[in-house]
Each structure stands twice: as C-alpha cells, then as structure tokens.
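Here's an informal walk through this assembly, starting with how the chains meet and then moving on to single chains and residues. Keep the structure open while you read.

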Amino acid sequence: MKRKSVKFFEQFLGFGFLRLCMLLIILILVIIFYDIVSKSWGVITWEFLTQPPRNGMTEGGILPAIVGTIFVTIITAIFSIPLGMGCAIYLNEYAKKSHLTRLIRISIRNLSGVPSIVYGLFGVALFVEALHFGTCLLSAGLTLGLMTLPWTITASEEALKGVPLSYREGSLALGATQWQSIKTNVLPYAIPGMLTGTILGLARAAGETAPILFTGAAFALPGLPKSLFDQFMAMPYHLYIMSTQHHAITKVRPIAYGTALVLVGVVFLMNLSAILLRYYLRKARQE
Amino acid sequence: MKKISIVLGIFIMLVLSNVSYAANVLQVKGSDTLINMVQKLAEEYMKANPDKLVSVTGGGSGTGIAALINKKCDIANASRLMKGKEIELATSRQASPVRIVLALDSLSIIVNPGNGIESLTVDQVGKIYKGEIKNWKEVGGNDMPISLYGRQSNSGTYDFMIEDVMKGDYSPSMKQMNGNAQIVEGIKADPSAVGYVGVGYARNAQGIKVLKIANKAGATAYSPLDTANVKNGNYPITRPLNQYVEGSLTGAAKDFVAFELSAEGQRIVEEEGFFEISQEYQDFNKNAGM
Amino acid sequence: MSRFKEKFIRNLFLINGLVVIFILGGIFLLLILNALPTFKDVSWKEFLVGTSWNPSSDYHPAYGIVSMVVSTFMVTIGSLVIAVPVGIGTAAYLSDVAHPKVREIAKPVVEILAGIPSVVIGFLGIVMVGPFIAKMTGTYSGLNALNGSVLLAIMALPTIVSLSEDALANVPKSFQEASLALGASHWQTLLKVKLQAASSGIIAACMLGMGRAIGETMTVLMATGNAPAFPSGFLNSVRPMTSTIAIELGEVPYYTTHYHALFAIGLVLFLITFIVNLIADIALNRYEKKIR
C-alpha cells in the first residue's frame, strides 16, 4: 500500500494530465473559431448572404450555394426520415431477438462506418448512371439520404427506447392493438428525440462534400436550380473549390473564409435548434 | 410526423419539378488553364445577350473531355488535344466533338523569387520533372533539393508536359495540386519549389519568378511573357488552347464560340494574359466550320 | 379485419427494417459489379502488390494500390497517436474528474467539434495548420502526412471521447465503491479498475475513431499534397485511397478500365472499414458482457 502523500501526488499528476487533455480540446475549438471568425469578419454582410457571385466568383455573395445546400438537405430529409423512423420502430417495437435482427443491427453499424466517398461512388453507379437521373439534386439528395440513414435509425431507436415499457403495456392491457399502442402511447413521447436525432443527422449531411462531388454539385451556375434534375451549387463544394481550384485563390480567400463561417454557422444553428426543440417539447409534454 | 414529411415532399416536388432549367444553359466544362478566360468571356457574352445562359466550370481538361464523352456538357475546354482512345470512345458513344482553337498559351515555368536561377533549357525542365535532376545545384543554383509542384492527371497541362517537354512519366514525388492557382500558392511559400502554369496565371501573379526557357543548351532563352517571341515561335513551350464542341457547330454553342473568336472576344483573351490566335489557327477554325 | 391490418402494418415495418440490409448488400454488390471488370485488363497481382498508380499514363499504365494503402494507414495511425491518448484522457476527465455541472457544458462542447464539416477542417489545414507545421518543422510546404494526421486527429477525437466517456460512465458504481473502500485513491481506481472494466468499450471507441480517419476524404484531399509516391516519411506529401478516388472520378470517362479500377479501390476501402467496424462490434459486445 502506498503512503497517502504519494497517492495524492500521483493523483495530482494524473488528474492534471486529464485536465490538460480536456483543455487541449477546448483550445483546438477556440483556435478554429477564432481563425474563421477573425478572417471572415468583414465579409459577412447582408449582401454576401443574399446575392449571387459576380465577376468570376471574386465578388458578390454565395446565395446559390446556401439555397443549394438547403434544397439538397430537404431531399435528404424526405428520403431518410420516413425510412429511418420506420426501421427504428421495427427494431424497437416489433422485432424479436433473432439472427435477422442481429444482421440488421450489424448492417446499420457498418453503414455508418462506410466512407463518404464510397457513398459517392455508389451514388454515381446507381443514381447517376444505372437509374439515369444524371448529376442533379435528386441523385445527390438520395446519396446523402443513404448516408444519413444509419444516423436517423440510431437516433430514433434511442428515442423509442427512452419511452418506458409501462406506456406500451398499459395501452395493450386496455385492449389496444400493437400499432394503436405505438401510435398513441409511444410515438408522441419519442417524437422529440427522433426529431432531435434527425436534425443532427441532417446537419451533418449539410456539411458533407464527398457524396455530392460527383452526383450533382457544380461550381458556377448562372441561376438557381429550378427542378429536381438540375445541378446545384452547395456551400461545402463552394468552399472546396474556392480554396483549391479557383483561379485567384488569394483574392477570394476572404470569401472562402466567409463561406466556411456561414457553413459552420448553419450546421451549428441546426444542432442548436435540434437540442432546443427537444428541450421545449419535453417541457411541454411534462405539463 | 410521417404525414408532415409526405405533404412536405409532395409540395417540394411540385415546386421543383417545373420545366427543366438545364436545357437552356450552355454547359462549358474542363480546363483549369482556360477557366478564368472563358468565364470572363461568358460573362461578357451574357451581358451582351441577356437571354443567353452559359455555365463555366473547371475540373481539368480530362474532366471536360470525359464530360463531353459522357454527354454531360456542350463544350469542353481543353489545354491539350484529345487522345486517340478518347476520340474512339467519343465516337462509340455517338458523340462527335469538333475542335476549335481559342487562344495561345506559352506554358510558364515558375520558381520562388529567392531562387537564383534565371533560365533553363527544355531538356532540363523535362529531366527535373522526371526526377532525373534532383537538386538545384545541378542546374547552376543553390544546393537545395528540388521540390516539384504540378497538376493532377485530370489536367491538360499535366498531359501537355508529358507529351511535349518530358517525353516520359512524372517523378512520383511531385505534389499534385488541384489547379494553377494552388501551384502558384505553393511556389510562393517554398524557396526550393518549381511549378508550371498557364501564362495567364504567371503574368499577373506576385511573389513568383518566371523563368526564361531556351530551346537547347547554348541557345537564347526567352520569356513566356514576351509577346513578340511567343508569337514568332521563339519561345519553345507554346500550345493552342482548344475547345471541343459537341456535334456540328450549330445553335447556342456556335453563337458563343463566334463571340469568343471575334475581335471583342480575342481582346478579352489578351486581357486575361493569354495570346490571340495566329493566322494559322484562324484558318483552322474556318475549316472546322466557324 | 383489425388483425389483418395489424399484420399488414407489422410487415410494412419489417420490410422497412430489411431495407437496411439490402442497402448494405446493395452497396457491396454494386461496388463488386463495377470493380470486377478492372481485372480483365489488370492482373490481381499488379493491383494488390504494385506500388505505382498511373492509369492514364501513355508510357507505363500502372494500377498498383500499395502506395495509397500505405498512405491511408500512415495518416490514420499518425492521427490515432494523437487522438487516442488525448481522447481517452478527456473521456476520463469528463467521467471522473469534472464536476457534474462542468460535464454538462463540456460534453456539448466536444459535440460541437464533431459537427465541424470535414471540408472546413481541410480548409484550415491549408490556411492555418499546414503553414504552422511548415514553420515548426523547418520545411517549406505544410501539405504532408503530418498535416493530415493532425487534422484527422481533430476529426476522430469527438468520436473517441464520446464513446469512451459512455463506456467509463456505465461501469457499475459497485466497482468503483469497492476499490475506494479498499483504500485506493480516485486516480488509482480510475487507472486500475475503471479503465480495465471499460477497456472493451474504449477499444470499440478507438476502432470507430480509426474507421472515421480511414474513410475521411475532403480533409486529406485538401491538406496532404497528393503526391502518389510511396511515402517515405511524415513530412512527405501523400495520397490516400480516398483522395485518389475523389481526384480521379471526375475526369474518368465512364466504363473504362480506369473507371472500374476506382471502384476497385472503393471496394478495398469498403472492406477495410467493414473489418474495422466488425472489430469494434465484437469489442462492444465483450464490453456489454463484462459490465453485466
């Protein structure tokens, strides 16, 4: 047994190291935000957010990229939300422990680990080529939807698990069928969690570049997409091109920073709204 | 929740699935060397013709040509010629590209301003990029290992260097940059660097030095910025900048190309740092149908 | 009537659940279907053992993936060297040192780091981290494997922290109380009891972080210099598998050997991440058994 003083000294050092680790992460965050905010401060104006680019992308704003990102995220949502929630409902409410269920869960976990560029390859092979959609909002949205699916399923399942068994049992005891029980006694309580998880997943999809690289994103389009089969501009792709392929990299660096800030801002806002939504819905339910 | 998403979905599709917009836009894709110039041309063209829409994107000559073969664009900007197998592929897909020449480029070899070298021969440039010459002192400079910057395989300039300057493959330690501008950025920060860019990028860039190039050892070395010596062929690394147009030259594509080849268009070409086409290429274009 | 409706709804959800398996299987299948035609023109041996990748060369077309696989593992392992100690350390801080109120704030803060898009991290790699590394190491260009490792560490950290913290927090209180009762300090308890108990869960966390690093595309594409050579050091530019696909997919005419070869790389990537995830799965299972 060590002497007390040695033990405490060890703990002092040990915990000190742990505190340093935490501080390192905070430092990283602070540096990242400081760099982005300070170098894009003058760039973010109302014009930047509402005007299209001019003069070979060296002036003007990024409106088409913002709109494009919003459009493709909506399509992602339409595709992944019903499928994701449905799968979660099956897994949590209906499925019994079996090899099939185990297989489904392994599939979900593996899908969440598939690299984003492989989703991009899949999107090109299936949506762009085999189904002949071409490079467009639909192909990109579906590809992103597939990528977001594991996330939506996991988050929805967590939400469903959070509803106490007694809610279901009570309803069943009163003679309701399983679906009726789910519809009235489980879903309303799980919805806040499901929504939160979904919005968090969509926030991630909004920031992704690799899946949309070859399935629909474009750099300089003369207008906004007017149909599902049009190409679109998107903020992550815009940032990528602005910082590596543009013909006047130094000149547009501030615009690149501005795009980074808006992108991070949008993702951050989505995350925030998801968490706030869960908080308020939970509060409302408690009253 | 599901009901809401279904309703939202239908609503969105109604809003979005209108007349397909893409059909009215002339899609121009490809070379990073040309993009600056062609974007400016497109902007001026659209100002003069408000009912016309042109979209210009980059990605490299290879990307543009692939898009043409895959029938995903109308015009491919190419800083090199289409390869034999590309032409075969195009024909097998019922695409029939017509080549026109838009401008002239004197490919510029650039180094960091701190580098003592002022000129190189074509042969030396080739050996440097093949990795056979590894240190600046071998060509009369300081004792520093040479840091290679170049493009990626989707670039026409990448191919042009292989065909015309190196006649062999690149050293695998060359850093493959995403575009001309990234090469310039790299050179600015790296005292031991060498890179190649289209003259439009070299002319207006600050913080880099443009080397003079000699045809062979002992001959006079000329600068790519020297208009007279480029136009009379003294500068050894010159190339035509091309556009491959899908199908016979008709309609929207022909109209835009006509603007590019007009006096106004060629003035913009020179403004962007490149050179207007010579008489030889003007005749070539006429034969192609312009 | 109602029973029929119930069964119908149940089957609807069942199909929904099966869809997931089909998607995973579909991706695998499509990858294989598009990758196999490569091997009409390229020998398996060259693909798996060749170090030179140059499919579009007119002189020596080469289809060897060794260099890019090594590059991938280089940046991945480099990132784990940073992310695993810092990640586990932070997780331990959150679960054992921090006041509950501090933890309330700190956990979301780590999540914010997770939310930063990969393209933004890559961008910062070009404009801030790369030049910093260049200055620190005395080299001229910061676009190299070290840059990639640092950035990937930033991306893998939140995953490792989150899951490790979960693993540590779920160790039954009884383990901790018994250790303290025997006279051990909190630190000793953490080190010798909790970490051991949570070890499988922590391994799972690190595996998932590793999977994230292996599969990351934009960050390495923008920040590692993209030199296809066999890497000879961390201060060299490298080109991992993901970058190669991202660079070349845009310029390849569809259905050529080169096109199919890119799918072959994708297949290799898919298999590697599949294996990594499988290991994580097994580790997680072991963890759950241990805690019960």
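Chain B and chain C bury about 2,200 Å² between them, with carbon and sulfur atoms giving 49% of that area. Three residues on the chain B side, B:Ser153, B:Asp169 and B:Gln176, supply 21% of the area that chain B buries against chain C, more than any other three residues. Bear in mind throughout that this is a predicted model.

In terms of contacts, 32 residues of chain B meet 28 residues of chain C. What holds charges together across this contact? Salt bridges don't, as the count between chain B and chain C is zero. There are, however, six residue pairs in polar contact across the interface of chain B and chain C, both partners being at pLDDT 80 or more. Several elements of chain B each supply at least two residues to the touching side: helix H3 (61–69), helix H4 (84–92), helix H6 (156–166), strand S8 (175–176) and helix H7 (180–189). H3(B) gives the most, with four residues. By class, this side of chain B divides into eleven nonpolar, eleven polar and ten charged residues.

Now for the other face of chain C. Here 79 residues of chain C are in contact with 76 residues of chain A. The area buried between chain C and chain A is about 7,000 Å², and carbon and sulfur atoms give 78% of it. On the chain C side, C:Phe13, C:Phe123 and C:Trp187 lose the most area to chain A, together 10% of what that side buries. The rule also finds twelve residue pairs in polar contact across the interface of chain C and chain A, again with both at pLDDT 80 or more. Helix H1 (residues 2–35) of chain C gives the most to the side that touches chain A, with 19 residues. That side of chain C has 55 nonpolar, 20 polar and four charged residues.

How many salt bridges are there between chain C and chain A? The count is one, and the whole structure has 24 over all chains. C:Asp281 lies in helix H12 (residues 257–291) of chain C and A:Arg109 in helix H4 (residues 99–113) of chain A, so the pair joins two chains. C:Asp281 counts as buried, at 10% relative accessibility, while A:Arg109 is partly exposed at 31%.

Here is that bridge next to two from chain B:

| Acidic residue | Basic residue | Closest N and O atoms |
|---|---|---|
| C:Asp281 | A:Arg109 | 2.1 Å |
| B:Glu86 | B:Arg80 | 3.0 Å |
| B:Asp143 | B:Lys137 | 3.6 Å |

Within chain B, B:Glu86 is buried with a relative accessible area of 11%, and B:Arg80 counts as buried at 8%. Both belong to a network of salt bridges that links B:Arg80, B:Lys83, B:Glu86 and B:Asp159. B:Asp143, by contrast, is exposed, with a relative accessible area of 54%.

Another residue of chain B worth a look is B:Asn285, found in helix H12 (residues 279–288) of that chain. Is B:Asn285 buried or exposed? B:Asn285 is buried, because its relative accessible area of 3% is under the 20% cut-off. Leaving aside residues up to four places away in sequence, B:Asn285 touches B:Ile100, B:Val101, B:Leu261, B:Ile277 and B:Met290. B:Asn285 and B:Arg80 are 205 residues apart in sequence and 16 Å apart in space, C-alpha to C-alpha.

Finally, chain A on its own. Its secondary structure comes to eleven helices and two strands, running α-α-β-β-α-α-α-α-α-α-α-α-α from the N terminus on. The C-alpha trace of chain A spans about 70 × 65 × 40 Å along its principal axes. Of the 287 residues in chain A, 60% are buried. Among contacts in chain A with a separation of 6 or more, 72% come from residues 24 or more positions apart. Chain A exposes about 12,000 Å², with carbon and sulfur atoms supplying 68% of it.

Why is helix H10 (residues 235–244) of chain A described as largely enclosed by the rest of the structure? Because ten of its ten residues are buried, including A:Met235, A:Tyr237, A:His238 and A:Thr244. In the loop between helix H9 (210–213) and H10 of chain A sits A:Ser227, which is buried with a relative accessible area of 3%. A polar atom of the A:Ser227 side chain lies 2.9 Å from the backbone nitrogen of A:Phe229.

Methods. Residues numbered from 1 in each chain as written. Chains lettered and ligands numbered in written order. Heavy atoms only, no water. Contact = heavy atoms within 4.5 Å. Buried area = accessible area lost by both parts, 1.4 Å probe. Salt bridge = Lys/Arg side-chain N within 4 Å of Asp/Glu carboxyl O. Polar contact = N/O pair within 3.5 Å; in protein donor to acceptor, adjacent residues only side chain to side chain. Nonpolar A, V, L, I, M, F, W, Y, C, P; charged D, E, K, R; others polar. Buried < 20%, exposed > 50% of the residue type's maximum accessible area, 1.4 Å probe, protein only. Areas by Shrake-Rupley, 256 points an atom, 1.4 Å probe, with all protein chains shown as cover.
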